Amino acid sequence: MTENWTGRRLELTLGNPGHGGFVVARHEGRVVFVRHGLPGERVIAIVTEDRGGSFCRAEAVDILEGSPERIASICPISGPGGAGCCDMSHARVAFQRQMKSQIVAEQLLRLARVDRNVDVEELPGTGDGTGWRTRVRLAVDGNGLPGYHRYRSSGIVTDLECPQIESAAYDGIAEHEWTPGSEVQIVLDGAGERHVVEIAPPKVSKTGRTSPGRRGAAARRAAVAAPRIERLFEGSGRPREGVHHREWTLAATGFWQAHRGAAQTYSTVVAEWAGVTASDTAWDLYGGVGVFAAALAGAGLVESVESSKQAVADGRAALADLPQVRFHPERVERALSELARPPRVVVLDPPRTGAGRDVIAAVSSAGAERIVHVGCDPASFARDVGLYLGEGYRLDTVRAFDAFPLTHHVECIALLTR
């Protein structure tokens, strides 16, 4: 049985970046995933998690030989033992993008068998990597203090200093008494208004279990899809956002791209790549409030599918002047058989887990000639690209965007054609 290395100090030379915000090292025949390091550095790392097997997780706590790309961390709460927010804030912003480019290319090669270099592009309004975020959800600890979750932990860092969002977002938040176990949603909308709402904690049954019994990612998706707003703290709770001279008014807890430059940029790419005409039918899957549906509105018919009923209602209101757009408040997997066929163009913007085999097979069998696929996780994005290739599509173009500066996250968009 492998010795448990948790708490052990290791001297390591760091190799390539890996998907997930770490750098890969090897020690005594095992792989060590090291956070807060950079490629080529020699560090002292403390093992934070070891579940046996071929790998363990660690954090670099002492930099013996630093990279020339290293800077003093921009985020004061994200270092070893800190919050899980800004796991790349110790690297120059340009180098962060280089690492992300390497990761996207590696995932495409490994999971889709596509050998292609992809440059991660800067989004408008990024600057030095701070102040780009328009919305954030804070956890509230047992004492009613808001903050950010520690990495892979239920613990909460209650210092509101993460620089992803403007400091004005935090004004008065720490001084307010929040309900322990709740969440606090803060939105700085496109109209310059701040909205703050408290989301009630999960109900606890008499057995001590949370209701409705969901766990992990499924629970988080359910919470995002239908949160219960306990109390409006500031603003109307209905942020206003705009893309291409069209305005949306949506729920503060509803989905909108986090980066202030993302929605406009992605919409432009989708409209260009889709190339719809008045004789086309287009599908907009995982459509949210209809930002991409609006970009497809040159088609004769646009079928937009979204599981959140609130998002569908907000989308219908924003696109009321576009009768060619039909909204379907349903899960994509269930709605596919109800949509008008054949679509010439399909746009998909699935959750982090990706679209998956069944949805991609259904899109292919429906006869789509052009597919624009958006992915916020390089691994699930590359897996989905591989599935399209297996269905007879060709990968024409890939673009990637630094939609989450200071973090390892990256957004990718692919154009696939028959």
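Which residue stands opposite Val31 in E6? Hold that thought, everyone, while I set the scene.

What you see is a predicted model, in which local features need pLDDT of at least 70 and side-chain atom pairs count only at pLDDT 80 or more, while totals for chains, interfaces and linings use all residues. Residues are numbered from 1 along each chain as its sequence is written, and side-chain values use heavy atoms, with hydrogens and water left out.

Now, back to Val31: its opposite number in E6 is Phe55. E4 and E6 pair in the parallel sense over 5 bridges. By "strand" I mean a DSSP run of E with at least two residues, and by "helix" a run of H or I with at least four, numbered from the N terminus; two strands pair if DSSP finds at least two bridges between them. The open sheet here has 6 strands in the order E1-E5-E6-E4-E3-E2, with mixed pairing. Its edges are E1 (9-13) and E2 (17-18), each pairing on one side only.

Some of these strands turn up again around the second largest pocket, which has a volume of about 180 Å³. A pocket here is an open set of points on a 1 Å grid over the protein atoms alone, where a 1.4 Å probe fits, with protein on both sides within 12 Å along at least five of seven lines; lining residues have an atom within 4 Å of a point. The volume is the space filled by probe spheres set on the points. There are 13 lining residues, and Arg35, Thr48, Glu59, Tyr151 and Arg152 lie nearest the centre. E4 (30-35), E5 (42-49) and E6 (55-65) are the elements giving two or more residues to that lining, and E6 gives the most, with 3.

On to the other open sheet: 6 strands, ordered E10-E9-E8-E11-E12-E13, with antiparallel pairing. E10 (156-157) and E13 (229-234) are its edge strands. E12 (194-199) joins E13 through 4 antiparallel bridges, and Val197 has Leu232 as its bridge partner in E13.

Finally, the helices. The axes of H7 (356-365) and H8 (378-390) come within 10 Å and cross at roughly 40°; axes are lines fitted to C-alpha atoms over the stretch in contact, and angles run from 0 to 180 degrees between N-to-C directions. H1 (93-112) packs on H8 at about 40° too, with the axes 8 Å apart.

Thanks, all!
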